[in-house]
Amino acid sequence: MSTVRVLLVDDQPLLRTGFRLILEAEPDIAVVGEAGDGAVAVELTRSLLPDVVLMDIRMPGVDGIEATRRIIREGAASHDPRVLILTTFDLDEYVIEAVRAGASGFLLKDSPPEDLVQAIRIVAAGDAIVAPSVTRRLLDKFATRLPAVRDASPPPGLDTLTEREREVLTHVARGQSNAEIARELVVSETTVKTHVGNVLAKLGLRDRVQAVVYAYETGLSRPGQS
């Protein structure tokens, strides 16, 4: 069983200690370092090569959003760290900014310890822990903060998708699961999964959460659209 390497980032030492105690009790998780601000987090990510960065949003100096952006931008094929955001409120404008910056999801700070452990394992495996429906709810609320969409030009990369792939992306943007999409399109879940994988690969997206953000930022999906 491979060990998941975790970097803890929070400006409150007591919280970091609490997270460390929870995580180090797990045989497959190792805390490789701690940081009290975003700038240090970026440096430690370079040197310690964690699999998952547990990132607070609100910190003095370089905040969690900017730190996430830098970590994701610097990520290479040989080391592709995932960022899991810690937040106090799930409907928070900072959360959607972090997701847009490349975070694989977010977790409430008062979540049960077992949820924290499970989230880290899921993110380390390359999946996103934020349900697309939650992402859509966030985007609907903060849609006015998204970049302006130019209706005259096609979204970047969209012309590389087949008609069916574009249709699947639209359903993903609605927050639907593979099973729900399969029922609506009258195809198998395996087929839907294949289409979703093709969409992510062609558009250079990491997961379904980023696919939802892409659909909103390009105007393929709009607030309140069903």
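Which residues is valine 83 in contact with, leaving aside its neighbours within four places in sequence? They are Val53, Met55, Thr68, Ile71, Ile72, Ala103, Ser104 and Gly105. Contact means heavy atoms within 4.5 Å.

This is a predicted model, in which local features need pLDDT of at least 70 and side-chain atom pairs count only at pLDDT 80 or more, while totals for chains, interfaces and linings use all residues. Residues are numbered from 1 along each chain as its sequence is written, and side-chain values use heavy atoms, with hydrogens and water left out.

**Overall make-up**

- The protein has 10 helices and 5 strands. Both are DSSP runs numbered from the N terminus: helices are H or I with at least four residues, strands are E with at least two.
- Of its 226 residues, 46% count as buried. Buried means under 20% relative accessible area, exposed means over 50%, and partly exposed lies in between (1.4 Å probe, protein chains only).
- Among contacts with a separation of 6 or more, 68% join residues 24 or more positions apart.

**Nonpolar cores**

- A nonpolar core is a set of buried Ala, Val, Leu, Ile, Met, Phe, Trp, Tyr and Cys residues joined through side-chain atoms within 4.5 Å.
- The largest such core has 22 residues, of which Val9, Val53, Met55, Ile71, Val83 and Ile85 touch the most other members.
- At least two residues of this core come from each of strand 1 (4-9), helix 2 (38-48), strand 3, helix 3, strand 4 (82-87) and helix 4 (93-101).
- Helix 3 supplies the largest share of this core, with 4 residues.
- A second, separate core holds 21 residues, including Leu205, Ala211, Val212 and Leu220.

**Aspartate 56 and methionine 59**

- UniProt, in an unreviewed entry, places "modified residue: 4-aspartylphosphate" at Asp56. UniProt positions follow the numbering used here, feature names are shortened, and annotations may be inferred rather than shown by experiment.
- Aspartate 56 is found in strand 3 (residues 52-56). It counts as buried because its relative accessibility is 5%.
- Leaving aside neighbours within four places in sequence, aspartate 56 is in contact with Val9, Asp10, Asp11, Gly64, Leu86 and Lys109.
- Methionine 59 sits in the loop between strand 3 and helix 3 (64-74). Its relative accessible area is 8%, so methionine 59 is buried.
- With the same neighbours within four places set aside, methionine 59 is in contact with Val9, Asp10, Asp11, Gly36, Asp37, Gly38 and Gly64.
- Methionine 59 and valine 9 are 50 residues apart in sequence; C-alpha to C-alpha, they are 9.3 Å apart in space.

**The largest pocket**

- Pockets and cavities are found on a 1 Å grid over the protein atoms alone: a cavity is a set of points where a 1.4 Å probe fits but cannot get out, and a pocket is an open set with protein on both sides within 12 Å along at least five of seven lines. Lining residues have an atom within 4 Å of a point.
- Grid points are joined across faces, edges and corners, and a volume is the space filled by probe spheres set on the points.
- The largest pocket has a volume of about 260 Å³.
- Its lining consists of Gly126, Asp127, Ala128, Asn178, Lys193, Val196, Gly197, Leu200, Arg206, Asp207 and Arg208.
- By class, this lining has 3 nonpolar, 3 polar and 5 charged residues. Ala, Val, Leu, Ile, Met, Phe, Trp, Tyr, Cys and Pro count as nonpolar, Asp, Glu, Lys and Arg as charged, and the others, Gly among them, as polar.
- Helix 9 (residues 189-203) gives the most to the pocket lining, with 4 residues.

**The cavity and helices 7, 9 and 10**

- There is 1 cavity of 30 Å³ or more. The largest cavity has a volume of about 40 Å³.
- Val168, Leu169, Val172, Val196, Val199, Leu200, Arg208 and Ala211 line the largest cavity. By class, the lining has 7 nonpolar, no polar and 1 charged residues.
- Helix 7 (163-173), helix 9 and helix 10 each supply at least two residues of this lining.
- Histidine 195 lies in helix 9. It counts as buried because its relative accessibility is 18%.
- Leaving aside neighbours within four places in sequence, histidine 195 is in contact with Arg164, Glu165 and Val168.
- Helix 10 (residues 208-217) is mostly covered, with 9 of its 10 residues buried.
- Glycine 175, just after helix 7, takes a positive phi of about 90 degrees. Glycine 219, just after helix 10, takes a positive phi of about 85 degrees.
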